[in-house]
Amino acid sequence: MATGSLKKMGSIDAQLRLIAPSKVSEDDKLVEYDALLLDRFLDILQDLHGEEVREFVQECYEVAADYDGNRNTEKLEELGNMLTSLDPGDSIVVTKSFSNMLSLANLAEEVQIAYRRRIKKLKKGDFADEASATTESDIEETLKRLLQLNKTPEEVFDALKNQTVDLVLTAHPTQSVRRSLLQKFGRIRDCLTQLYAKDITPDDKQELDEALQREIQAAFRTDEIRRTPPTPQDEMRAGMSYFHETIWKGVPKFLRRVDTALKNIGINERVPYNAPLIQFSSWMGGDRDGNPRVTPEVTRDVCLLARMM
């Protein structure tokens, strides 16, 4: 996608980076991420709904960007006239297009944040079985600040072993992002991250690009709205999906980072396995003061379902 198109189609952050390129660091990839995702999405939109729809979406974006930059009320009125002229079918396609474009822009920014954090703020741990592990400096910096407050490493370690953070999962019937859509966004994020790896081969890059296009199209064709209200059991299934997709991987990684940070302040001992730094509770299926559908029988079903999953 050309630079001129980027100014029209990129996110606000991407536009700011284009305005002052000399202020952009070498590890800033947001413009590239934005351009790639939006370019692939617009190609998919054209394949599914035709060139006319693609051009209309681009024109709406340009008019909206013009109003946002200049606060010209004529542009706002022009945009309103464009949108109200659509028939119901086309209005759904255009609305869904902008919703997906915003989601892709958010994904690009998430990958950019992770990339910069990895480059600038992460450093390798040195446990024998974790030679390639990376540790966020935030954990180590926190421990070092405690040492600056005249706490000994042993005192920090003892305090850490005797505290627990209890994370309580909850849900709300109005939660709009479906599990299937979250999974697709996760795969888009993974593809984008791997596409910009330094050691990627041309064949791998082509395969990842094709996978990226498939996931973007799948996300675009996935219904974003729940057609029926979720039951407490549905809420529990959605909540447990975070364990399978995120928590099972994230918690061990975090605990390894804590171990590495402790080693870097002089503690040559891991946090004991029986010291629960993090534990999880759930409010799903137990909200009897706010959800009339939650009965003792429902709570029992939800508890059994959680154990089975």
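Colleague: Is phenylalanine 98 buried, partly exposed or exposed?
Modeller: In this predicted model, phenylalanine 98 has a relative accessibility of 23%. Buried requires under 20% and exposed requires over 50%. Because its value lies in between, phenylalanine 98 counts as partly exposed.

Colleague: What is the geometry of the aromatic pair of tyrosine 61 and phenylalanine 98, and how is the pair classed?
Modeller: The ring centres of tyrosine 61 and phenylalanine 98 are 6.5 Å apart, with 5 degrees between the planes. Planes under 30 degrees apart count as stacked. The pair of tyrosine 61 and phenylalanine 98 is therefore classed as stacked.

Colleague: Which helices does this pair link?
Modeller: Tyrosine 61 and phenylalanine 98 are 37 residues apart, so the pair links distant parts of the chain. Tyrosine 61 counts as buried, at 17% relative accessibility. Tyrosine 61 lies in helix 4 (residues 51-70), and phenylalanine 98 lies in helix 6 (residues 88-121).

Colleague: How is the aromatic pair of phenylalanine 243 and tryptophan 248 classed?
Modeller: The centres of these two rings are 5.4 Å apart, and their planes are 55 degrees apart. Stacked pairs have planes under 30 degrees apart, and edge-to-face pairs over 60. Because 55 degrees falls in neither range, the pair of phenylalanine 243 and tryptophan 248 is classed as tilted.

Colleague: Which of phenylalanine 243 and tryptophan 248 is buried, and which is exposed?
Modeller: Phenylalanine 243 has a relative accessibility of 10%, whereas tryptophan 248 has 53%. The cut-offs are under 20% for buried and over 50% for exposed. Phenylalanine 243 therefore counts as buried, and tryptophan 248 as exposed.

Colleague: Which residues form one aromatic cluster with Phe243?
Modeller: The model holds 5 aromatic pairs, one of them that of phenylalanine 243 and tryptophan 248. The cluster that contains Phe243 is completed by Trp248 and Phe280.

Colleague: How do helix 9 and helix 11 run relative to each other?
Modeller: Helix 9 (residues 179-195) and helix 11 (residues 232-264) pack at an angle of about 20 degrees, with their axes 11 Å apart. Because angles under 35 degrees count as roughly parallel, helix 9 is roughly parallel to helix 11.

Colleague: Which residues of helix 9 meet helix 11?
Modeller: Helix 9 passes helix 11 in a right-handed crossing. The residues of this contact divide into 2 nonpolar, 2 polar and 3 charged. On the helix 11 side are Arg237, Ser241, Tyr242 and Glu245, and they are met from helix 9 by Arg179, Leu182 and Gln183.

Colleague: How do helix 9 and helix 10 run relative to each other?
Modeller: The angle between helix 9 and helix 10 (residues 202-220) is about 155 degrees, and their axes are 9 Å apart. Angles over 145 degrees count as roughly antiparallel. Helix 9 and helix 10 are therefore roughly antiparallel.

Colleague: How many nonpolar residues are in the contact of helix 9 with helix 10?
Modeller: Helix 9 passes helix 10 in a left-handed crossing. Residues in this contact include Phe185 and Ile188 from helix 9, and Leu208 and Leu212 from helix 10. Beside 1 polar and 5 charged residues, the nonpolar residues number 11.

Colleague: Where is alanine 261, and what is it in contact with beyond its neighbours within four places in sequence?
Modeller: Alanine 261 is in helix 11, and its relative accessible area of 0% means that alanine 261 is buried. Alanine 261 is 120 residues from glutamate 141 in sequence, yet their C-alpha atoms are 8.5 Å apart. Leaving aside those sequence neighbours, the contacts of alanine 261 are Ile139, Glu140 and Leu143.

Conventions:
Residues are numbered from 1 along each chain as its sequence is written. This is a predicted model: local features need pLDDT of at least 70, side-chain atom pairs count only at pLDDT 80 or more; totals for chains, interfaces and linings use all residues. Side-chain values use heavy atoms; hydrogens and water are left out. Axes are lines fitted to C-alpha atoms, for helices over the stretch in contact, and angles run from 0 to 180 degrees between N-to-C directions. Helices (H or I, at least four residues) and strands (E, at least two) are DSSP runs, numbered from the N terminus. Angles under 35 degrees count as roughly parallel, over 145 as roughly antiparallel, 65 to 115 as roughly perpendicular and the rest as oblique. A crossing is left-handed if the near helix is turned anticlockwise from the far one by less than a right angle, and right-handed if clockwise. Contact means heavy atoms within 4.5 Å. Ala, Val, Leu, Ile, Met, Phe, Trp, Tyr, Cys and Pro count as nonpolar, Asp, Glu, Lys and Arg as charged, and the others, Gly among them, as polar. Rings of Phe, Tyr and Trp (its six-membered ring) pair if their centres lie within 6.5 Å; planes under 30 degrees apart count as stacked, over 60 as edge-to-face and the rest as tilted. Buried means under 20% relative accessible area, exposed over 50%, partly exposed in between (1.4 Å probe, protein chains only).
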